[in-house]
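Me: Could you take a close look at one part of this structure and tell me how the side chains there come together? Please give your cut-offs as you go.

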Amino acid sequence: MTFTPVTDVERPRARRAVDLRRPGLVVLIGVMLATLAPVSLSSATASSQPPPAPSSSVSWGECPTEVAAPGLECGTLDVPLDYSDPDGRTIEVAISRLASTNLDARRGVLLTNTGGPGGEGLAYPAGLRDFLKLPQDLLDQYDVIGMDPRGVGHSTPVTCDLSPLEHPTNIPMYARNAADVRDEATRVAAVAQKCGESPTASLLPHITTANTARDMDRVREALGESKISYFGISYGTYLGSVYTTLFPERSDRFLLDSATGPGGWDASFSRLFGEGVQDRFPDFAKFVAAHPEYGLGRTPAQVQAKYFELAARLDKTPSPDGYTGAAFRFVTFAAFYYDSSLPGLAETWQALDTGEPVPVAAAVSGEESLATAPDAGPAAPSAGAIPADNYIASQLHVICNDSDWPESVWSYRLNVTIDRFRYPMFGAAGANITPCAFWPSEPTEPPVKITDEGPANVLIVQNLRDPATPLSGALELRRAFGDRARIVTADEGGHLTYLRLGNTCLDDIATEFLRTGERPEQDVACGDSPD
């Protein structure tokens with residue numbers, strides 16, 4: 001759900017450092033979650049004599065310094081701010097291209113999205129090549145296209161003029177009781193008000209998934225393509241679902257990794273975070289139980305008991321370095337994204353259990369970066385600059401604009417009470433109130449309904465134990481698409497799967513789909529990856 005506490009381009013960005021040693025734990029939280037997406041493909045195979053690359057109306061040039069990579073070109077495109085007024089005000093959308101160097105093999109373009117919402121995407125094509133090692137024959141078949149969605153990064157950016165202390169994450173915080181919900185309502189109402197009064201408030205109602213999908217179609221047109229293929233992760237699965245619903249005849253092969261569900265990041269999806277933690281926790285408990293040196297339990301049951309013990313202790317008395325029970329639960333959730341973060345999480349638990357300072361390196365660790373750190377300092381936009389709060393602000397814009405969130409504080413208090421019992425580890429967080437309850441704009445159009453109308457061109461790939469986009473949401477999306485889609489599940493834990501976990505069963509099916517358009521005849525359940 002880059003929403004993900006992810007900016008899923010695994011490439012460091014050149015930004016000012018944030019001092020993680022600050023007493024305020026919200027800075028740490030912000031760092032960890034600057035994330036939490038024709039013809040039937042059965043016949044859409046590559047021609048043995050492909051035509052030359054079509055003419056593009058995009059003026060390609062050098063990329064911004066922080067995303068530049070060998071072979072990567074960048075450009076911009078003007079699109080309508082409001083598609084109901086196509087001749088009115090325009091904004092810019094920034095795109096990148098990693099062009100095929102084998103015109104004999106080239107068959108089209110592969111648009112990508114890095115999740116979030118709010119994830120910058122210009123560097124992603126190079127990241128697919130250099131870090132995820134997308135097979136060379138796919139790099140030959142496709143011009144891989146990256147995009148900073150509208151409101152994001154090097155596209156015309158939005159801001160809420162927020163500091164990291166005002167709103168460090170869009171993942172709701174754990175509420176112990178009704179008073180916590182009331183206090184959070186006061187805080188997030190102020191966040192929503194700042195968004196409505198920001199220097200980019202005139203853009204606010206139009207930063208939506210449906211409009212981003214329409215922008216994608218303008219990109220397709222500008223590239224001279226009759227169809228696009230697509231690879232989207234996390235929230236990017238919803239964006240891809242919306243595009244292929246709005247433009248089924250212009251959709252080729254759509255690969256969706258770690259699906260939000262057919263409603264995107266709406267109030268129902270937010271409540272799935274509680275389910276996701278319950279699904280994922282056994283993996284961490286097994287890891288800790290196998291490492292008795294942490295002193296957190298010798299069996300998974302003992303590790304689970306330690307979770308509730310630490311949470312209750314910190315609810316009553318925060319640690320000297322600022323960990324409350326809510327922060328402890330949040331950091332646990334965030335570290336569940338990747339297996340490589342589990343040792344650091346165990347060190348955090350150990351420090352909190354023994355009263356030692358939590359080592360900063362333990363809080364954000366692992367081979368994958370969970371997020372890029374938000375800048376400190378003023379967030380107001382200036383000429384050519386990306387606002388410091390752009391990730392969190394653009395994510396809020398999309399989440400709150402895409403659907404009509406409940407506005408009654410009472411309804412959140414009720415849902416928190418219910419989910420505290422349904423999902424005792426994190427349910428009272430996922431159900432808590434967010435700025436969307438006080439958003440200064442009503443949705444400009446109904447949500448796009450995902451249906452089974454269109455070509456059979458969708459493949460969903462999904463881990464069984466995903467904390468951010470739980471399996472139940474992916475299965476709901478599969479049902480909504482009907483025979484348009486197949487789903488391949490992997491017996492894995494964590495967020496994101498294709499080319500990341502070494503699951504050859506799932507990876508081979510997904511690669512073959514992008515290569516030939518062929519999908520399994522039925523849904524497939526893959527086992528876990530070899531050790």
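Reply: Happy to! Let's start at Phe-254, which counts as buried because its relative accessibility is 0%; buried means under 20% relative accessible area, exposed over 50% and partly exposed in between, with a 1.4 Å probe and protein chains only. The model is a predicted one, where local features need pLDDT of at least 70 and side-chain atom pairs count only at pLDDT 80 or more, while totals for chains, interfaces and linings use all residues. Residues are numbered from 1 along each chain as its sequence is written, and side-chain values use heavy atoms, leaving out hydrogens and water.

Searching the whole structure gives 23 aromatic pairs (ring centres of Phe, Tyr and Trp, the last by its six-membered ring, within 6.5 Å; planes under 30 degrees apart are stacked, over 60 edge-to-face, the rest tilted). Phe-254 and Tyr-243 make a stacked pair, because their ring centres lie 5.9 Å apart with planes at 15°. Tyr-243 belongs to helix H6 (residues 235-246) and Phe-254 to strand E6 (residues 251-257), so the pair ties together parts eleven residues apart in sequence. Helices (H or I, at least four residues) and strands (E, at least two) are DSSP runs numbered from the N terminus. With 0% relative accessibility, Tyr-243 also counts as buried.

Another pair, Phe-328 with Trp-349, is tilted, at 5.4 Å from centre to centre and 45° between the planes. Here the link runs from helix H9 (residues 325-335), which holds Phe-328, to helix H10, which holds Trp-349, so it joins parts 21 residues apart in sequence. Both rings are buried: Phe-328 has 1% relative accessibility, and Trp-349 has 0%.

Helix H10 (residues 342-354) has more to show. Its buried residues include Leu-342, Leu-345, Trp-349 and Leu-352. As a general point, an α-helix has 3.6 residues a turn, so residues three or four places apart point the same way. The 13 residues of H10 should span 18 Å at 1.5 Å a residue, and the end C-alpha atoms are indeed 18 Å apart; the expected span is 1.5 Å times one less than the number of residues. Just past H10, Gly-355 has a positive phi of about 85°.

Ring pairs also build a cluster from Trp-265, Phe-269, Phe-273, Phe-333, Tyr-337, Tyr-338 and Phe-426. Elsewhere, Arg-329 sits over the face of Tyr-174, 3.7 Å from the ring centre (CZ of Arg or NZ of Lys within 6 Å of the centre and within 35 degrees of the ring normal).

Back at strand E6, a charged contact joins the picture: Arg-253 and Asp-252 form a salt bridge, at 4.0 Å from N to O, and both are buried. The criterion is a side-chain nitrogen of Lys or Arg within 4 Å of a carboxyl oxygen of Asp or Glu, and the count by this rule is 30 salt bridges. One of them pairs Glu-73 with Arg-97, whose closest N and O atoms are 3.0 Å apart. Glu-73 lies in strand E1 and Arg-97 in strand E2 (residues 90-98), so parts 24 residues apart in sequence are tied together. Glu-73 is partly exposed at 26% relative accessible area, whereas Arg-97 is buried at 17%. There is also a network of salt bridges linking Arg-280, Asp-283, Asp-339, Arg-465 and Asp-491.

For context, the chain holds 16 helices and nine strands, and buried residues make up 60% of its 531 residues.
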